[in-house]
Amino acid sequence: MMNFFPFGRKTKSENKDGHLLEPLPLFSSLSPEELTLIEQQSRLVGFKRGDIVYQEGAQPDAFYIIISGRFRLFTRARGPEPEATLLYFYRGEHFGETSLLTGNVHSASVEAKTDAVALKISAESFHKLLRDIPSLAIHLSRSLGRHLTREELGYSSHRREVRIAGFYSVAVTEGMSRFLFDFLNAIRAETQHRILLMDLSEDLKSRLPYEFQTGDEGGFDLKEMDPSQEGAVQKAIHTSETSFDYLKFVNNDARKTEEKKFATLLTYLTYHYDYLVIYLPDGNTPVAAKALNYSDRVYLWAGSKADVFSFAGKKATELCQDFGFSKNEIKIILPLQEGGDPAMDTREAMPEIRLFSMLPSLHSQRYRYEKTLTFLAREWSERLVGLVLGSGAAYGLSHIGVLRVLEEEKIPVDIIAGSSVGALVGTLWAAGYDSHEIEKIAKSVDRKNVFFKLLGFRDMSAFHRGFFKGNQIMRFLSAHLKDVTFTDLKIPVKMVATDLLTSEEVVLDSGPVLNAIRSSISIPGFLRPTPYKGSYLIDGGIVDPLPVRILSDMGVRRIIAVNVLPGPKELIERNEIRRKAFHQSFQQQGRWKRMITKTLDRLQRRYTSNIFNVVMNSIMFGSFEVARMEGSGADVYIHAVVPDAHWIEFFSADKFIQEGMRKAREQLAEIRQLLVE
């Protein structure tokens, strides 16, 4: 079984590079036996930034699945034609299969854009796995269908990615049609690309805005019309200069049986549109199957919690089993009811369906409704920018400096993932506090009151459960985050905690944010673990101090990660700084002062080995390498650490914030480049 970070379990000796495997989207529907078979037929290979994986015109020799990093597909300059970037591949995606399946040479080259790790399967092993694992063959055949459609566009001179999505619902309702209309317009606003809605139902048009209900367009008749005739197709399309275009199909049995004509029509439409959304009535027909084979994702509208169980869950399972979709390629849209999070119990009852999207009310929560639509549009167009804030106690105050630079430079952030102090700072920012306000909160703690504001004698606990209860920290934070839930946040946040009994990573993204923060910052030995579903949660930094994978698993393609944990280099530098400062001061003192200074230095060194330092440093020493490895999966990795600092210095915000600003500015050009790629 493949696991990226099997905390508490033995790792296999063949993972010599230290990179462990995990369930990737391509393999999400496979059995443990099938995963083991793939593991036996593959090996991990590393690439440095700028390495060429294979050249245009070369014979195919392997299939690649990306574990971490980013790759670029491009064509070389030819005569007057300059070098052209065609696509970017990200973690969990794969490449090389088209040439292996068709027997053609590679039509483009692939370059590593960052340091990266990929799973490499030789051509011989690839074909063997397709024979032995039918569901893998189904998934790749769907991928091949999309690629072949794009090849017909003549990509030798211009290549662009055409995105196609299927859309299902139990019925055409006002709420569903309004969401679909607004979603397509959000994509148009984000991308300025041409979008076509294809309607294979009978009554979607009557629910669309008035402009689509006028005109003489009778729709496209798959039975009578020739999809290769441009005039017939164009006549059937209702065009719009400011919105999306609309194509409905004539109501007859050909909508269910003429899959070859439908494929021809789809190919023609990819010449003219960048986004195609196909509304599909429920039911397995050849035309629907063809549409799904070309689709890169599917949206399922669940009008209520009952629809999640009776319709969306079953449909998602069917799509995974019969059409090779991964769970990351299926999105369930569930309207958010007033005064609650309707997804909480559905997530618990259906943990295999992870990609819920809560849709706030258009009438009473318009701002949040529009933010959700923008998020979904940026997600599908792969424009999401994710920010990952790591653990590190007081070192985490450096996050404030990074946030300030992002604010000043107007760098957009669509989603945040945080662990421990990173979850705390990130949530304050997502709740609407800017970096200056967060700095003010941090500076309300000084050297004199830090103990009483964050801990205090009343908060002391029975030591066998942890030195402190954590109630005082909750009281301190409640002044700023009282009654705030995840659905109230202006930016979505994913927090990480650790299950004490199973060592599993727990992602917290619903309910009151204070409870989630309390779980994520539960440093072992310091704060009591928090109860959770019959178990207990402790600090998220134990298993995932820099949760990059959470965002990449969601399909976030542009990730900025901030690691504040000191490594061996910083710790050695800190000790050297303090040693020099001590000797410089020592040389300037008289005889008696030297004796006192030596005595105080011995006492301080003895105090350094106290239980608090032992626990905290042990955690940070182990977490640093994990965070560094996880950071290799980010597009921009910022290591913002103050060498001459201590994990307890919550009263020294200034130096941490300045370091965060300095490090962020050093990589500002890299961040800006990420946004335009």
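Buried means under 20% relative accessible area, exposed over 50%, and partly exposed in between, with a 1.4 Å probe and protein chains only. This is a predicted model, where local features need pLDDT of at least 70 and side-chain atom pairs count only at pLDDT 80 or more, while totals for chains, interfaces and linings use all residues. Residues are numbered from 1 along each chain as its sequence is written, and side-chain values use heavy atoms, with hydrogens and water left out.

**Stop 1: Arg194 and Asp245**

Select Arg194. This residue is partly exposed, at 40% relative accessible area. Now add Asp245, its salt-bridge partner. A salt bridge puts a side-chain nitrogen of Lys or Arg within 4 Å of a carboxyl oxygen of Asp or Glu. Here the closest N and O atoms are 2.7 Å apart. The pair links distant parts of the chain, 51 residues apart. Asp245 sits in strand 12 (residues 245–248), and Arg194 in the loop between helix 5 and strand 10 (195–199). Helices (H or I, at least four residues) and strands (E, at least two) are DSSP runs, numbered from the N terminus. Asp245 is buried, at 3% relative accessibility.

**Stop 2: helix 5**

Go to helix 5, residues 174–191. Pick Arg178 and Asp182, which form a salt bridge with closest N and O atoms 3.0 Å apart. Why are they about one helical turn apart? They are four residues apart in helix 5. An α-helix has 3.6 residues a turn, so residues three or four places apart point the same way. Asp182 is buried at 10% relative accessible area. Arg178 is partly exposed at 39%.

**Stop 3: Glu382 and Arg557**

Select Glu382 and Arg557. Their salt bridge has its closest N and O atoms 3.5 Å apart. Glu382 lies in the loop between helix 12 (366–380) and strand 17 (385–389), and Arg557 in the loop between helix 19 (548–553) and strand 23 (558–563), so the pair ties together parts 175 residues apart in sequence. Both Glu382 and Arg557 are buried. Add Glu93 and Arg163: salt bridges with shared partners join these four residues into one network. The structure holds 28 salt bridges.

**Stop 4: helix 23**

Finish at helix 23, residues 653–666. Measure between its end C-alpha atoms: they are 20 Å apart, which agrees with the 20 Å expected for 14 residues. That expected span is 1.5 Å times one less than the number of residues. Which residues of helix 23 are buried? Colour Ala653, Phe656, Ile657, Glu659, Gly660, Met661 and Ala664. Their cover includes helix 13 (398–408), helix 15 (435–443), strand 24 (636–639) and helix 24 (668–676), counting contact as heavy atoms within 4.5 Å.
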